[in-house]
Amino acid sequence: MSGAQPGPAASASAPRILPGRVRVRRATPRDLESVIALRLALLREHPDHPIYGRLRHDIGARARRLFASQLRSPIEVILLGELDGGVVGVLRCVESTGSPLLEPERYAYVSSSYVRPDARRRGVLRALLGEAERWARARGLDQMRLHNVAGSVTADRAWSALGFLVVEEVRVRDLRDGGTH
Ligand SMILES: CC(C)(COP(=O)(O)OP(=O)(O)OC[C@H]1O[C@@H](n2cnc3c(N)ncnc32)[C@H](O)[C@@H]1OP(=O)(O)O)[C@@H](O)C(=O)NCCC(=O)NCCS
């Protein structure tokens, strides 16, 4: 579907996955196990986060049902990034409805972006996003949006490098233990 240029030359401490061409393809229901593994790994990247750190005890069973249904949805796409034939990254893009008072009526919402640690900085996210952009344009959408975790230098730099501006902040107030201010 799409590709990226080979990454930098391997060093003595190079990760297991060597630089190579990135391939992006649309996930099908047969990719459910890969999707579950990558998306749960993403959630586990942020154990102290007030939203993403609160994993349900039965998250595995819930993830299976949820992702199976998302893989069949006509208004979204789950993309997989492959390096040297192995699945190393994921990105989900959903056609979403905006405010009835504002343009655009619909936009592409990007979520669940994750690349395995040993495959990072090889252009996998860039290739996944490029394919998501093609998907969005083909549906007549002219805007992409996403949320990213606050305080992640990697996420900040990656999304800025890929052209996303910060235009809003999400704030959370915890009401457990009194939750007074
Ligand atoms: C964020 C993440 C998806 C990036 O994936 P990736 O495949 O390594 O990203 P790419 O190689 O396509 O990088 C694209 C650009 O982003 C920037 N970038 C990515 N990682 C970076 C880092 N650690 N430091 C600085 N810039 C970075 C670079 O400009 C890079 O382009 P370049 O390598 O040509 O300079 C990956 O680090 C990840 O899965 N992190 C943990 C989960 C996460 O934070 N997901 C995002 C949730 S909002």
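What percentage of the 181 residues in the protein chain do buried residues make up? Buried residues account for 22% of them.

## Overall layout

This is a predicted model. The protein chain contains four helices and five strands. Along the sequence, these elements follow the pattern β-α-α-β-β-β-α-β-α.

Among contacts in the protein chain with a separation of 6 or more, 63% are between residues 24 or more positions apart.

## Strand pairing

Strand 3, residues 86–97, pairs with strand 4, residues 106–115. The pairing is antiparallel and comprises eight bridges. Within this part of the structure, Ser96 is placed opposite Tyr107 of strand 4.

Strand 4 is also joined to strand 5, residues 144–146. Here the two strands run parallel, with three bridges between them. Val110 stands opposite Leu146 of strand 5. Between strand 4 and strand 5 the chain passes through helix 3, residues 124–138. The resulting β-α-β crossover is right-handed.

## The largest nonpolar core

The largest nonpolar core has 29 residues. The members that touch the most other members are Leu79, Val90, Leu91, Cys93, Val124, Leu128 and Ala132. Two or more residues come from each of strand 1 (22–26), helix 1 (32–43), strand 2 (76–83), strand 3, strand 4 and helix 3. Helix 3 supplies the largest share of this core, seven residues. In soluble globular proteins, nonpolar side chains tend to be buried together.

Leu79 can be followed in more detail. Leaving aside residues up to four places away in sequence, Leu79 touches Val24, Arg26, Ala27, Val90, Leu91, Leu128, Glu131 and Ala132.

## Around the ligand

Which residues come nearest to the ligand? Of the 21 residues around the ligand, these are Arg120, Leu125, Asn148, Arg157 and Ala161. Strand 4, helix 3 and helix 4 (153–161) are the elements that each give two or more residues to the shell. Helix 4 gives the largest share, five residues.

Sorted by class, the shell around the ligand consists of nine nonpolar, six polar and six charged residues.

## Elements with several roles

Helix 3 appears in several of these descriptions. Helix 3 lies on the path from strand 4 to strand 5, provides seven residues of the largest nonpolar core, and gives two or more residues to the shell around the ligand.

Strand 4 also recurs. Strand 4 pairs with strand 3 in the antiparallel sense and runs parallel to strand 5. Strand 4 gives two or more residues to the largest nonpolar core and two or more to the shell around the ligand.

Conventions:
Residues numbered from 1 in each chain as written. Predicted model: local features only at pLDDT ≥ 70, side-chain atom pairs only at ≥ 80, totals over all residues. Pairing = 2+ DSSP bridges. Right-handed = clockwise from strand over helix to strand, strands pointing away. Near = placed C-beta within 6 Å. Nonpolar A, V, L, I, M, F, W, Y, C, P; charged D, E, K, R; others polar. Core = buried A, V, L, I, M, F, W, Y, C linked by C-beta atoms within 7 Å. Buried ≥ 20, exposed ≤ 12 C-beta atoms within 10 Å, placed from the backbone. Contact = placed C-beta atoms within 7 Å.
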